[in-house]
Structure formats: structure tokens, C-alpha cells
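Biologist: Could you walk me through this one before I head back to the bench? I'd like to know how you get to each answer.

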Amino acid sequence: MKDVMDIAIKIACSFRARSLQRRLFRAQLEEAGADHTDLLLHTDVRWLSRGKFLERFLELLPEIKEFLKHTTTHAAAAYTQLEDGQWLADLAFLTDVTNKINDLNLELQGKGKHIANMISSVNTFKTKLRLLLRRLQQCDVRNFPHLEAELRREGKDSVELARYEQQIQNILLEFERRFTDFASIEPVAQFLCFPFGENVDVDCIAPKVATLFSLDSSAVENEILTLQNDIEIKCRATPGITGEFWNLLLEEKYPNLRQCALNMTSLFGSTYLCESAFSHMKIIKSKYRTTLTDDHLAACLRLALNSYCPDYEKLAASSQCQKSH
């Protein structure tokens, strides 16, 4: 699939790198009433932009062909792949796959996401990949809308899908390799989400908790047994790794389980929070605020990253109005 990406980037760069070419192409898009007025750029550093870039390229493909045909015959002859049915099918397939990966990336972003949410998202995506693989083996492309539309446009009922099966299999193997650590974290996360489940095996879960967080296995086992038979705590239990529930546990009675819950909720499942903090810091500490002290920067960052919202009406109501004399 690398040749598909290379040709698409080369065409987009040839349009965007020359100001005259870009103005003519944008004028053609405006005359044709296209949904978009320009192509997007892609860089390997921002690899997740690949899905948006390919989708825009595929949507503007008829206009791109028309523009290359009317500019120079050399330009049209240099990109004969734009008329190749197999290359166009590969482009549509790559667009569908990268869009699905982009959806996963967006799902993993955001505040308030802990490791259990991210494990669920990754496991869901791997299950979807297995479904896609089965569908391709059955010559069913319903889960690939751009590929299905391209085949319909070409008037083909089916196409050689073995190469696409291999691509999906490679992605699935890569996910299995990169997320091997989830295998040891997932059972502990499931237990912490709801420790009173019927399928909780104390003999099995206690060593995993102790190994993951370097705790005493026998002490963890005793605390789990005590917790599962604590009627008062069980009545107030709510599913999920929430601070409200684990704060109900007395530190003197459940020191290891409280520490385990604290460690689990503080695990960084992605780099989103770090990247968000750096983005806010870049906006706050600009070249126009060079005299900003470290204390002021820390306060501004705390305000920008904190989800706390003051009750402005209550603050205004508690303030005494100063009347004019």
C-alpha cells in the first residue's frame, strides 16, 4: 500500500507547492461546486492525518483527474495509476482502514479516560478487525464503504481480496504485539471495576494484583475476602473504577486495595494528557508573555487543564454590592 500513499502525496504536493497550480485547482473546484476547496497535506510526523488526507483525495479524485488532463499531457501521463482499477480499489481500501484507526485514536483521547476505558477500546477494535477479516474471507465488503462504492462504480461484483486480508491480518498482529502489557493489566482492571462479581476467583486475582503492583499476595488475598463479605460496602458499590467507591474503604482496613485502585487510576493509558498540557503551555507562554514567571505559568496551566468550573452565580450572590454615595 506504500505506492498508493506515495502517489497521492506526490500529486497533492505538486498542486500545493506551486502557487499558480493551487490557485487554478481551487478555481476549478469552486466552478464545479465541489464540497471542498483544496487538498490536504500529510506528513509522516502526524501519521494519523493520513485518514483525513486520503478521504479528501478520494472525494476530489474526479476533479484531480480533470485538472491533470487539462493542464499538461505530461502530468496526466505521469499518473496513469489514476485510471487503474486495482490502484483505485487499493486507495479506497486504505482510506477505509485509516479512517477506522483515526476513529480509535479519537476514542482514546479526552479527559477522564482511565486505563480500563482504553483497554476496552483497544479490545473492541481488535474484535472489529477480526470481523473485517472474516467478512473479507467471505468476499463481503459492506464494512468498507469507500471500497464498496469504488467496486460499484467500476461495475465489479467482487475483486481479489486476498491482499486486503493480509493487510488486516498484519494490523491485527501489530496490535497484539504492541498491547501485550494489557494481558496482565486487564484482569486487575476488571476486578477493580466491580470486585463483587460472581466470577471473581480470589486465588487467581490476588497473585495478579500483587505481582502488578509489587504487593504482598497473602495480604491482598485477605483484603479481597474481607471486602467481598463486607455487607455495608457491598450495598454502596457502584460499577467502575471510581474514587467515590474506593474512598469508602478505610485505609487501616484495606491499605493494599486502596493503593491498588490509586495506582490503576493514575496509569497513563495514552500521551493525550501530556500533549494537551504542552499545547496549553505553548499558547499561554507565547513570545508576547516573556515575563511570565514559573508560578504564574503553573497557575495558568492548572486552570487550563482542570475540569473544575466555579459556581459564578453563587460567587456573585455572596459578593456585597458597593453602592454609590
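Modeller: Sure, and keep in mind that this is a predicted model. Let's start with helix α15, residues 255-265, where the buried residues are Asn256, Leu257, Cys260, Ala261 and Met264.

Biologist: Where do the buried residues of α15 sit around the axis?

Modeller: Start from the general rule: an α-helix has 3.6 residues a turn, so residues three or four places apart point the same way. In α15 the buried set, Leu257 and Ala261 among them, spans an arc of only 135° around the axis, which puts these residues on the same side of α15.

Biologist: How do the axes of α1 and α6 cross?

Modeller: Two packed helices are described by the angle between their axes and the distance between the axes. For α1 (residues 2-17) and α6 (residues 85-108), the axes come within 10 Å and cross at roughly 90°. An angle of 65 to 115 degrees counts as roughly perpendicular, and α1 and α6 are therefore roughly perpendicular to each other.

Biologist: Which residues make that contact, and how many of them are nonpolar?

Modeller: On the α1 side you have Asp3, Val4, Met5 and Ile7, and α6 brings Trp87, Asp90, Leu91 and Leu94. Sorted by class, there are no polar residues and two charged ones, and the nonpolar count is six.

Biologist: Thr95 is in α6 too. Is Thr95 buried or exposed?

Modeller: Outside its own stretch of sequence, Thr95 touches Leu54, Glu55, Leu58 and His146. The cut-off for buried is under 20% relative accessible area. Thr95 has 0% relative accessibility, so the verdict is buried.

Biologist: What does Gly51 touch, leaving aside its neighbours within four places in sequence?

Modeller: Gly51 lies in helix α3, residues 50-59, and counts as buried at 0% relative accessibility. Its contacts beyond those neighbours are Thr98, Asn99 and Asn102.

Biologist: What separates the C-alpha atoms of Gly51 and Leu297?

Modeller: Along the chain, Gly51 and Leu297 are 246 residues apart. In space, their C-alpha atoms are separated by 36 Å.

Biologist: What is the phi of Cys139?

Modeller: Most residues other than glycine have a negative phi, and most peptide bonds are trans. Cys139 sits in the loop between α7 and α8 and is exposed, with a relative accessible area of 52%. Its phi is positive, near 60°.

Biologist: And where is Ser214 found?

Modeller: Ser214 is not a glycine, yet has a positive phi of about 55°. Ser214 is exposed, with a relative accessible area of 67%. Its place is the loop between α11 (202-213) and α12 (217-228).

Methods:
Residues are numbered from 1 along each chain as its sequence is written. This is a predicted model: local features need pLDDT of at least 70, side-chain atom pairs count only at pLDDT 80 or more; totals for chains, interfaces and linings use all residues. Side-chain values use heavy atoms; hydrogens and water are left out. Buried means under 20% relative accessible area, exposed over 50%, partly exposed in between (1.4 Å probe, protein chains only). Helices (H or I, at least four residues) and strands (E, at least two) are DSSP runs, numbered from the N terminus. The arc is that of the directions from the helix axis to the C-beta atoms. Axes are lines fitted to C-alpha atoms, for helices over the stretch in contact, and angles run from 0 to 180 degrees between N-to-C directions. Angles under 35 degrees count as roughly parallel, over 145 as roughly antiparallel, 65 to 115 as roughly perpendicular and the rest as oblique. Contact means heavy atoms within 4.5 Å. Ala, Val, Leu, Ile, Met, Phe, Trp, Tyr, Cys and Pro count as nonpolar, Asp, Glu, Lys and Arg as charged, and the others, Gly among them, as polar.
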